[in-house]
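This report describes how two chains meet and how selected helices pack together. Please examine the sequence and the structure before reading on.

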Amino acid sequence: VETFIQSVVSGVLTGSLYAMIGVGLTVVFGVMRIINLAHGDLVMLGMYGAFWGLALWRLDPFVSILLWVPLMFLGGTLIYRFLLKTIIPGGELNTLLYTAGLSLLIANLALFVWSGDYRTIKLRYALSPMRPFGIAVPVPLALAFGLAIFITAGLYLFLARTDMGRAIRATSQNPEAAALMGVNVDRISMVTFGLGSALAGAAGVLLAPSLYLYPTVGEILIAKCFVIVVLGGLGSVAGAISGGVLLGLVESLGAVYVSVAYKDTIGFVLFMLVLLFRPSGLFGVGKS
Amino acid sequence: VRRLAPLAAVLLVLALPWLTASQFTLHLAITVLLWTVLGVAWNLLGGYGGQVSFGHATFFGVGAYTTLILYLKLGLAPWYGMAVGGVVGALVSLPIGLVCFRLRGPYFSLATLAVAEILRLVALNWEGLTNGPVGLLITALPPVRIASRPINWESKAPFYYMVAVLAVAAMLAAYGLSRSRLGAYLLAVREDEDTAEAVGIDTVRAKVVTLALSAFLAAVAGGFYGLYFRYVDPDAVFPIALSVEMVFIAVVGGLATVAGPAVGAVFLVTISELFRERFLVGHLIFYGLFMMLAIRYLPEGIWGGVRRLLTRHAPS
């Protein structure tokens, strides 16, 4: 029973960060119909942001996140404005290929500048885990979990309550109708892409103390990310959150009860099954 | 002139080992030709059929592993192993195609990517067959005599001829496909799948057959890779990057053209290998950069653009 609770806890903790990455991807897809293959590389940039913040300025990742999130937002809007905007009318496959190019470009520039060395972030308070009720919880992961919930809840409120959030949801439901109602779809797209990048960056900063950093880590993250958003239904924020937590649980329980070696495979098999039999997502909320 | 140009290109390719003594140049040429085969293979389905696979590393890896496993465990010479590997690759593609072709557009792409990752994880963990992350290593190749002269496996020339023949064969296959009934079906599927179905084309069959052909070529290329480098491991033959590079070579060179992938391979592989020679890492920067430029400014690819210029000026 203890191993079970332990793996549920670590599954939910990791899952909350997966959820954050997934939400960024799914919001962008909802508004622009872009499957952003470079999303994982934006997470990677966030991870390196956390690393260099600590290495150069002795800034704790949970502090430097305040710097990286606005920067990633700005970067995202610039990417949209100068790189993506003209491509989007070309159709889904064109943008898919284009963001694949962007992904390779970002990852290899990072490889060139920062080398392929594996790096880790060592925090003093990460040495011994907390032990509430006898369950080991790594401190950085717990902090990241708290912040991830805070950020995701904030985003949810933003989408639900503000005018900008309503405009984003409207565009995601029907861009033409939204435009007719006076929504500036171009501006909404720019803000949404900035938002998606900021979420990716934030998740990267929060993940950095718990993972190895290397420039091509985005490749693995983006693959997980697809599993998450497809599980939850592409375009659905609630779906991405549940998908993220579900994948976290599947991985940690799978590692214990099936096999450590095949834990990642379970996620992909689940992904294929959902794609084939429930393309609108497990919870039936997304658009297929 | 138009009929002689391909012939002249083939002769030039075959004469290259006499023109240069540099091992690096030959290695570069072998790499270019290997990627030509892969680009052409991907282009059959992706270019003509419009089905963007992000998982062709699946077939490359299956071919590479089949070739090496047959040689190391059963002693089957790797050149026969390459052919068997191709057939195994085509067989593996059948269930994958039947499943993935139920999806369209970007969803198909994501599904193929997942398939390649599943295969990579299987190769990593099925240690009894694949030796896991350690990989498989060929220490010596069996001796072969052609016209009573032994082939020197330490030189690069025999590998060069092997891959050159493969590249020419792959391009002939692409040429044949583009002029065949199947090729016409594929264009119809690419332009409008529902209409293609409505006029009575068995679209699933057209796609599955093309995927099998494409997988065969990619798997044979994988077998050649295993033979040339004498080593395979899961991260060398099943990575996402490998699948993506095939796509980029075909798109940058020119989708749905016979020569496009060759042009793309010459261009991208040469630039990136020279960069790798100098800086060691980050050689895929150019793949990303030229992919973005091509989608933005030259969607018909380099060869497509050149051909447009040529036909504009030619008095026809």
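Buried area is the accessible area, found with a 1.4 Å probe, that two parts lose on being put together, summed over both. In this predicted model, about 3,600 Å² is buried between chain B and chain A, and carbon and sulfur atoms give 83% of that area. On the chain B side, B:Y107, B:L110 and B:M292 lose the most area to chain A, together 19% of what that side buries. The contact involves 42 residues from chain B and 38 residues from chain A. Between the two chains, the count of salt bridges is zero.

Two helix pairs may now be set side by side.

| Helix pair | Axis distance and angle |
|---|---|
| α2 (residues 23–48) and α7 (residues 157–179), both of chain B | within 9 Å, roughly 20° |
| α4 (residues 92–114) of chain A and α5 (residues 105–125) of chain B | 8 Å, about 40° |

Angles under 35 degrees count as roughly parallel; α2(B) and α7(B) are therefore roughly parallel to each other. Their crossing is left-handed. The residues of this contact comprise 20 nonpolar, two polar and no charged. Among those in α2(B) are B:L26, B:I30 and B:L33, while α7(B) contributes residues including B:F159, B:Y160 and B:V163.

The second pair joins the two chains, and α4(A) and α5(B) are oblique to each other. Here A:E92, A:L93 and A:L96 of α4(A) meet B:G105, B:P106 and B:S109 of α5(B). These residues divide into three nonpolar, two polar and one charged.

Key
Residues are numbered from 1 along each chain as its sequence is written. Chains are lettered from A and ligands numbered from 1 in the order in which they are written. This is a predicted model: local features need pLDDT of at least 70, side-chain atom pairs count only at pLDDT 80 or more; totals for chains, interfaces and linings use all residues. Side-chain values use heavy atoms; hydrogens and water are left out. Axes are lines fitted to C-alpha atoms, for helices over the stretch in contact, and angles run from 0 to 180 degrees between N-to-C directions. Helices (H or I, at least four residues) and strands (E, at least two) are DSSP runs, numbered from the N terminus. Angles under 35 degrees count as roughly parallel, over 145 as roughly antiparallel, 65 to 115 as roughly perpendicular and the rest as oblique. A crossing is left-handed if the near helix is turned anticlockwise from the far one by less than a right angle, and right-handed if clockwise. Contact means heavy atoms within 4.5 Å. Ala, Val, Leu, Ile, Met, Phe, Trp, Tyr, Cys and Pro count as nonpolar, Asp, Glu, Lys and Arg as charged, and the others, Gly among them, as polar. A salt bridge is a side-chain nitrogen of Lys or Arg within 4 Å of a carboxyl oxygen of Asp or Glu.
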